Amino acid sequence: MSAVLVAEPAPVQAPLRDRGARAVLALARFEARRLLLSIPVLIAFAAYVAWIVWRTRTSWDGSPALQDADRATQSMPMLVGLAVLLYANYAVVRSERHGTEPHFSMLVLRPWHRTAAHALSVVPAALLTAVCVAGQFTWEAFKPGAIGHGSPAELAVGPLTVLVFGELGVLLGRLARRWAFAAPLLVVVLLFAFVLGAAPGDTDGRSWLAPVVSEIGPDTLPSDLLGRPAAWHALYLAGVALCIAVLAVVVAGGRSAAVRSGLALGLAAAVTGGVLQAQGATPSPELTAARERASVRPGLTCTEHGRSKYCAFPEWGPRTDAWAGVVDHVQSLAGGPAHDRPLVVRQRIDARYGPAADSAIPALTDAHQVTVGTAWGGNRVPEFSSAVAAVLVAGTEAAGSEICDGRMVTVMWLSLSWQDDPMAALRRVRLDDSVKGSAIVLSPTDPLSMTEGQTDVVRHLLEKPPAGVGTRVKEHWAELTAPGVTTARVAELLGVAGPGKADSCEE
C-alpha cells in the first residue's frame with residue numbers, strides 16, 4: 001500500500017484591504033449598537049421623544065407656520081448630541097482604561113481602523129435623530145391650521161449637530177486618552193453654551209459658527225423674507241463633522257490616501273460653508289428692499305368672504321376662512337349699520353429687522369379696516385376679535401385704541417360673548433391674565449384698556465345668557481356706541497349692575 005500526495009490549491013483569500021474594510025464595518029455596527037443601548041443615550045432619546053410629544057401637542061396653538069416649525073426641531077437634538085459625545089468618548093478610551101490595548105496589536109485592525117469604526121458608529125444615532133426630527137415636523141405639517149413651507153436644510157441641522165458632537169467625542173478620546181474627565185468637562189461647557197442658552201444671542205456671521213441659530217421671534221415672516229443661510233450652514237456642519245472624524249483617524253495613525261482625501265473634503269466643505277453662511281447672515285440689498293416692501297407696501301392677495309375682504313400674504317391664504325369666521329361672529333352681534341358694514345381685514349407685519357425682532361405695528365387710521373398678524377390660534381383669536389369689535393364700535397383701529405368710556409364694555413362683549421369659554425377668553429386677552437381690576441387688552445396693533453368698573457360690568461354680562469344681552473345691544477346700539485357714554489349708563493341699558501367707581505383711564 002502506498003500513499004499518494006495530492007497538492008490542493010490554497011484557499012482564495014480576500015486582500016487585506018478588503019478584509020480590513022469589512023472588519024471596520026463589523027466593529028462599527030457592534031459599537032453603534034452598544035452606543036444606542038447605552039444608558040446616557042437611551043435617557044437622552046427618551047427625554048427627546050417625550051419633549052416632542054409634550055410640546056407638539058399644543059405648539060403654536062395648532063396653527064404652526066412651517067418656516068418656524070423646521071427651526072423648532074434644532075435645539076433639543078443637542079441634548080442627544082451631548083449624550084452621544086459622552087459615550088463615544090467612553091467607547092474610544094475603553095481599551096485604555098481596561099488595560100486591553102496591547103491585545104489589539106494581534107488583530108487585523110490597526111488603531112486608526114478602530115478609530116474609523118468608532119467614528120462610523122455615531123452615524124446611526126444621527127439617523128435616529130433624523131427620524132425624530134421628521135416625525136416632529138410631519139406632526140406639525142398635518143395640523144389643520146398649518147401654513148407655509150419648511151426647509152430641508154433647516155431640518156438637517158439637528159441630526160448634523162448630533163453627528164458633530166459624536167465625532168468630537170471620538171476625537172477627544174484619541175487626544176486625551178488618559179484624562180478621564182476631558183469629555184465630561186466638555187459636555188458641561190457645551191451644555192451651558194448651547195443647550196441652556198448661555199451663548200451669545202446675536203445673529204451676525206460669527207454666531208453661525210455655533211450648531212444652532214434658531215432666530216424664532218414672536219411674529220412669523222413669509223418664507224422668502226427669512227434670509228437665513230440654512231443650506232450653507234448645513235454644509236458647514238457636515239464639513240465640520242467629517243473633518244473632526246478624519247482628524248481622529250489621523251491622530252490614531254491613519255495616513256492613507258482615502259484619509260487624506262476625506263480630510264481635504266471635510267476642510268473644503270467646512271470652510272466653504274462657514275464663509276458663505278457668514279456672508280449670507282448679512283441681508284442683501286435685495287432682501288432688505290423686499291422686507292421694506294412687505295412692511296410698508298405689501299403685495300397681498302385679497303379674497304372676499306361674505307361682505308368683507310381679506311388680504312393676506314400668499315402663504316396665509318388658507319387662514320382667511322378662520323379670520324372670516326371671527327368677523328362673522330362679532331358682526332352678527334352688532335347692531336345698527338355695523339351689523340352689515342363691509343370690512344377690510346389686512347395682514348400686516350414689520351419685517352425690516354429680521355425674523356427674531358419684536359416690532360410693534362401701529363394702528364390703522366383708515367375707516368373699517370382691521371389688522372391681523374401672522375400668528376393664529378390661542379390668544380390671537382380674542383385679540384383679533386377685540387380689534388374687529390373696536391373698529392365696529394369706533395370706526396377705525398386708531399380711534400378704538402383710544403376708547404376710555406363705556407363703549408369699551410360693548411367692545412369686549414362683542415369680542416368675547418360668542419366664544420366657547422368667554423371668561424377664559426377675557427383672561428387670555430388681558431396682559432396680566434386677570435378678570436378683575438383695570439388691565440391692558442392686547443390687540444394686533446395698539447392695545448386697548450379697561451378700567452376696573454368696565455371689567456366688572458363685562459364680567460357680569462358674560463355670566464348672563466348671550467341671547468338676552470344681544471337683544472339689548474341691538475336695541476340700544478346707537479347709545480351704546482356714542483362717544484362719552486358712561487359705563488354706568490351702558491350697564492343700565494344692558495340690565496346688569498353698574499360699576500362701583502366712575503370711568504377713568506388712569507385707574
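## Exercises on a predicted model

In this predicted model, W112, T115, A116 and A119 of helix α5 meet A245, A248 and V249 of helix α10. Let's start from that contact.

**Exercise 1.** Work out how helices α5 and α10 run relative to each other, and which classes of residue form their contact.

*Solution.*
- Step 1: Find the two helices. α5 covers residues 111-121 and α10 covers residues 230-251.
- Step 2: Recall what to look for. Two packed helices are described by the angle between their axes and the distance between the axes.
- Step 3: Take both values. The axes of α5 and α10 come within 8 Å and cross at roughly 160°.
- Step 4: Classify the angle. Angles over 145 degrees count as roughly antiparallel, so α5 is roughly antiparallel to α10.
- Step 5: Add the hand. α5 and α10 cross in a right-handed sense.
- Step 6: Sort the contact by class. Between α5 and α10 there are six nonpolar residues, one polar residue and no charged ones.

**Exercise 2.** Describe the largest nonpolar core and find the helix that gives the largest share of it.

*Solution.*
- Step 1: Begin with the background. In soluble globular proteins, nonpolar side chains tend to be buried together.
- Step 2: Look at the membership. The largest nonpolar core has 66 residues, and W323, F384 and M412 touch the most other members.
- Step 3: Trace the source. Helix α14 (residues 380-394) supplies the largest share of this core, with nine residues.
- Step 4: Set the other core beside it. Apart from the largest core lies another one of 47 residues, among them W51, L82, V133 and V240.
- Step 5: Zoom in on M412. Leaving aside residues up to four places away in sequence, M412 touches S386, L426, V429, V441, M450 and V458.

**Exercise 3.** Place G406 in its loop and decide whether G406 is buried or exposed.

*Solution.*
- Step 1: Locate the loop. G406 sits between α15 (397-400) and α16 (407-416).
- Step 2: Check the surface. Buried means under 20% relative accessible area; G406 has 0%, so G406 is buried.
- Step 3: Look across the chain. The C-alpha atoms of G406 and G484 are 7.3 Å apart, although 78 residues separate the two along the chain.

**Exercise 4.** Compare the settings of H368 and D433, each of which has a positive phi without being a glycine.

*Solution.*
- Step 1: Recall the background. Most residues other than glycine have a negative phi.
- Step 2: Take H368. Its phi is about 60°, and H368 lies in the loop between β3 (344-347) and β4 (369-372). With 28% relative accessibility, H368 is partly exposed.
- Step 3: Take D433. Its phi is about 55°, and D433 lies in the loop between α17 (422-429) and β5 (439-441). With 44% relative accessibility, D433 is partly exposed.

Note on methods:
Residues are numbered from 1 along each chain as its sequence is written. This is a predicted model: local features need pLDDT of at least 70, side-chain atom pairs count only at pLDDT 80 or more; totals for chains, interfaces and linings use all residues. Side-chain values use heavy atoms; hydrogens and water are left out. A nonpolar core is a set of buried Ala, Val, Leu, Ile, Met, Phe, Trp, Tyr and Cys residues joined through side-chain atoms within 4.5 Å. Buried means under 20% relative accessible area, exposed over 50%, partly exposed in between (1.4 Å probe, protein chains only). Helices (H or I, at least four residues) and strands (E, at least two) are DSSP runs, numbered from the N terminus. Contact means heavy atoms within 4.5 Å. Axes are lines fitted to C-alpha atoms, for helices over the stretch in contact, and angles run from 0 to 180 degrees between N-to-C directions. Angles under 35 degrees count as roughly parallel, over 145 as roughly antiparallel, 65 to 115 as roughly perpendicular and the rest as oblique. A crossing is left-handed if the near helix is turned anticlockwise from the far one by less than a right angle, and right-handed if clockwise. Ala, Val, Leu, Ile, Met, Phe, Trp, Tyr, Cys and Pro count as nonpolar, Asp, Glu, Lys and Arg as charged, and the others, Gly among them, as polar.
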